[in-house]
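Please work through the exercises below with the sequence and the model beside you. Try each task before you read its solution.

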Amino acid sequence: MEKTRIVVYRHRLWGDVRLSANPRARRISLGVRLSGEVRLSFPPSVSPERALRFLDEKEEWVAATRRKMAARRAAEPPVLSPEEEKARVERLRGEARADLPQRIERLSRLTGLKYNSVTVRLTRSKWGSCSSRNDISLSLLLMTLPEHLRDFVILHELCHTRHHDHSARFHALLDHWVGGREKELQRELRGYSTR
């Protein structure tokens with residue numbers, strides 16, 4: 001299989017822009033990382049010049065998204081001492097136990113997507129997971145996300161009860177349940193960290 005080719009381009013407005021010619025990409029997609037870094041991904045059949053024209057067409061969106069990311073960085077909590085971090089985790093654990101089980105139950109009833117069990121634990125590597133037996137595990141750090149992104153993560157895991165992969169059918173199902181906003185919400189979620 002063809003490999004992803006990555007180059008860094010110096011843009012007149014955005015500084016270093018990461019361009020990825022990705023064989024799995026079906027269209028040009030644009031993202032802004034929490035750091036403010038701009039990334040463009042596109043199929044190898046699309047020229048880098050065409051991808052950069054797409055970036056120029058989205059100038060207002062990039063500017064607004066970078067402002068949002070800068071505000072989010074400014075609002076990030078300071079580094080905590082071990083004692084403070086332990087207290088924060090315990091507070092989030094209590095909030096998660098009160099919120100997440102009823103949230104997944106509500107979304108399960110709404111969508112008809114059935115899960116076997118749900119556990120809430122401290123995981124920093126991912127927001128959630130779904131086993132082959134449809135046991136769903138959710139990170140208590142979901143409580144640091146806005147409610148609409150909590151719902152998005154839970155819907156993502158519920159869709160895995162039907163499709164245990166990231167196939168086109170999985171993405172179509174998830175996109176259906178988030179009103180056609182899967183890519184937009186995924187981009188927004190990338191702006192948050194599980195730290």
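The exercises that follow deal with a sheet, a helix, the nonpolar cores and one loop residue.

The structure is a predicted model, in which local features need pLDDT of at least 70 and side-chain atom pairs count only at pLDDT 80 or more, while totals for chains, interfaces and linings use all residues. Residues are numbered from 1 along each chain as its sequence is written, and side-chain values use heavy atoms, with hydrogens and water left out.

**Exercise 1. Confidence**

Find where in the chain confidence is lowest and where it is highest.

Solution. Begin with pLDDT, which is the predictor's confidence in each residue, from 0 to 100. The chain averages a pLDDT of 92, and 98% of the residues score at least 70. Confidence is lowest in helix α2 (residues 59-75), with a mean of 87, and highest in α4, at 97. The element names come from DSSP runs numbered from the N terminus: helices are H or I runs of at least four residues, and strands are E runs of at least two.

**Exercise 2. The sheet**

Work out in which order the three strands of the open sheet lie, and how they pair.

Solution. Two strands count as paired if DSSP finds at least two bridges between them. Strands of a sheet pair through backbone hydrogen bonds, either parallel or antiparallel. First, β5 and β7 run parallel and are joined by five bridges, one of which makes Asp 135 the partner of Ser 117. Next, β6 and β7 (residues 135-139) run antiparallel and are joined by three bridges; here Gly 128 is partnered by Leu 138, and Cys 130 by Ile 136. The order is therefore β5-β7-β6, with mixed pairing. The edge strands, each pairing on one side only, are β5 (117-121) and β6 (128-130).

Is β7 buried or exposed? Buried means under 20% relative accessible area, exposed over 50%, and partly exposed in between, with a 1.4 Å probe and protein chains only. Five of the five residues of β7 are buried, so this strand is largely enclosed by the rest of the structure. Asp 135, Ser 137 and Ser 139 lie on one side, with Ile 136 and Leu 138 on the other, and both faces are covered.

**Exercise 3. Helix α4**

Check the span of helix α4 (residues 147-159), and then find what its buried residues pack against.

Solution. The expected span of a helix is 1.5 Å times one less than its number of residues. For the 13 residues of α4 this should give 18 Å, and the end C-alpha atoms are indeed 18 Å apart, which agrees. Of these 13 residues, 11 are buried, among them Phe 152, Val 153 and Leu 158. Using contact (heavy atoms within 4.5 Å), the buried residues of α4 pack against α3 (82-111), β6, β7, α5 (168-177) and α6 (182-190).

**Exercise 4. The cores**

Identify which element gives the most to the largest nonpolar core.

Solution. A nonpolar core is a set of buried Ala, Val, Leu, Ile, Met, Phe, Trp, Tyr and Cys residues joined through side-chain atoms within 4.5 Å. The largest one has 31 residues, and those with the most contacts inside it are Leu 100 and Leu 158. Helix α4 gives the most to this core, with seven residues. A second, separate core of 18 residues includes Val 17, Ala 21, Ala 51 and Leu 55.

**Exercise 5. A loop residue**

Describe the phi of Asn 134.

Solution. Most residues other than glycine have a negative phi. Asn 134, in the loop between β6 and β7, has a positive phi near 65°. With a relative accessible area of 17%, Asn 134 is buried.
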